[in-house]
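Dear colleague,

I am passing on a structure that you have not worked with before, and below it you will find some notes on what turned up in it. Please read them with the structure open beside you.

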Amino acid sequence: MRQLGTLDSQSAANKLRDYLLSQNVESNVDQVENTWEIWIVNEDDLPKAKSEFEAFQQNPDADHFSKGAQLASSLRAEQEKQAVEEIRQRMKIRRQMQPPQLTTVSVTSLLIIGSVIVTMLTELNRIDYGSVSRADFSICEYRNVSPDVISWAPGFREIREGEIWRLFTPVFIHFDPFHLLFNMYWLFLFGAMLEPRLGSWKFLVMVLTIGILSNIGEYYFRIPLLEWRPDPSFGGMSGVNYGLFGYIWVKGSLEPEAGIALPQFTIYLMIGFFFICMTGMIGPIANGAHTFGLLIGCAIAGSGTLIKRGLKP
């Protein structure tokens, strides 16, 4: 910062400062006793500022000085607007970089606990040390006729008889420790990001909606073959996870000010895994639950944003 000169009037000093701003020269005014010093912020602007200062001393009432001062007020307002936007962006980035946090009792933690308990109980039954089977939590009860064939009553008989929880409880079934740990990791990541922002009740309604619809989709459809082939022997939290992922992905794209977003690497990883599962290279996967969950989560986020924009005056 370099001193340009001094003036005997505060109004004249402010007028020159505003005019210099209209010429893209940033300056400051400091009072020293009965004079006002003009300081140039960027030393590279000093030669240009000196010529303007000399012209101002000769004729401070020239039209171009007055017009420049008027233009400076709009420039200053734009600078303030940009400064506010920069602060908002920094706050948004800070919120996104905060580690996931959950309260001791939360929907996400209860979903994780439920998945662990159900998986342990059904695994004990599988090795003849328990009495709880996967069919107790499946969308409808089934039994094994042979290693590759199962039998069940069509038409959601158990649900029609009052066991409506079966529409959701398949999300708690996991078939091995890796399946459980993998799904719980993503559930914790997405749940810890969304639940504190949405509130537990709203988050619970969204999870129930995604879970039920993705379970029904997986029961009826074989994807990517697009076959109508009902099968109740599925389970896992991945349909819910893809729904939460879809919600965050769309919400972050349409409403960046909401502060909900994922790193690009996570987006690429989730989409890549989605299509890898379609190939069948990693075994039987609930692609129907993935697909329906993803579409439902995207739809919830997209419709919510459109409704919000439509309500704005």
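**A partly exposed isoleucine and its surroundings**

Ile 113 has a relative accessibility of 45%, and because the range for partly exposed residues lies between 20% and 50%, it is placed in that class. Please keep in mind throughout that this is a predicted model. Ile 113 belongs to helix H4, which covers residues 107-126, and it is one of the residues of a nonpolar patch on the surface. The other members of that patch are Leu 110, Ile 117, Leu 121, Leu 124, Ile 127 and Tyr 129, and together with Ile 113 they have about 680 Å² of accessible area.

**Helices packing against H8**

Two helix pairs involve helix H8, which is made up of residues 238-254. In one pair, helix H7 (residues 200-220) packs with H8 at an angle of about 125°, the two axes being 9 Å apart. This angle makes H7 oblique to H8, and the crossing by which H7 passes H8 is right-handed. In the other pair, helix H6 (residues 177-198) packs with H8 at an angle of about 45°, with 9 Å between their axes. H6 and H8 are therefore oblique to each other as well, but here H6 passes H8 in a left-handed crossing.

**Two residues with positive phi**

Glu 33 is not a glycine, and yet its phi is positive, at about 55°. It sits in the loop that runs between strand S2 (27-32) and strand S3 (35-40), where it is exposed, with a relative accessible area of 71%. Phe 156, which is likewise not a glycine, has a positive phi of about 55°. Its place is the loop between strand S5 (149-152) and helix H5 (157-160). Is Phe 156 buried or exposed? With a relative accessible area of 14%, Phe 156 is buried.

**A tryptophan in strand S3**

Trp 36 is part of strand S3, the strand that follows the loop holding Glu 33. Trp 36 counts as buried because its relative accessible area is 13%, which falls under the 20% cut-off. How many residues separate Trp 36 and Thr 209 along the chain? They are 173 residues apart along the chain, and in space their C-alpha atoms are separated by 67 Å.

With kind regards

Note on methods. Residues are numbered from 1 along each chain as its sequence is written. This is a predicted model: local features need pLDDT of at least 70, side-chain atom pairs count only at pLDDT 80 or more; totals for chains, interfaces and linings use all residues. Side-chain values use heavy atoms; hydrogens and water are left out. Patches are made of residues with over 30% relative accessible area and no salt bridge: like charges are joined within 9 Å, nonpolar side chains (Val, Leu, Ile, Met, Phe, Trp, Tyr) within 5 Å. Accessible areas come from the Shrake-Rupley method with a 1.4 Å probe; for residues, only the protein chains shown count as cover. A salt bridge is a side-chain nitrogen of Lys or Arg within 4 Å of a carboxyl oxygen of Asp or Glu. Helices (H or I, at least four residues) and strands (E, at least two) are DSSP runs, numbered from the N terminus. Buried means under 20% relative accessible area, exposed over 50%, partly exposed in between (1.4 Å probe, protein chains only). Axes are lines fitted to C-alpha atoms, for helices over the stretch in contact, and angles run from 0 to 180 degrees between N-to-C directions. Angles under 35 degrees count as roughly parallel, over 145 as roughly antiparallel, 65 to 115 as roughly perpendicular and the rest as oblique. A crossing is left-handed if the near helix is turned anticlockwise from the far one by less than a right angle, and right-handed if clockwise.
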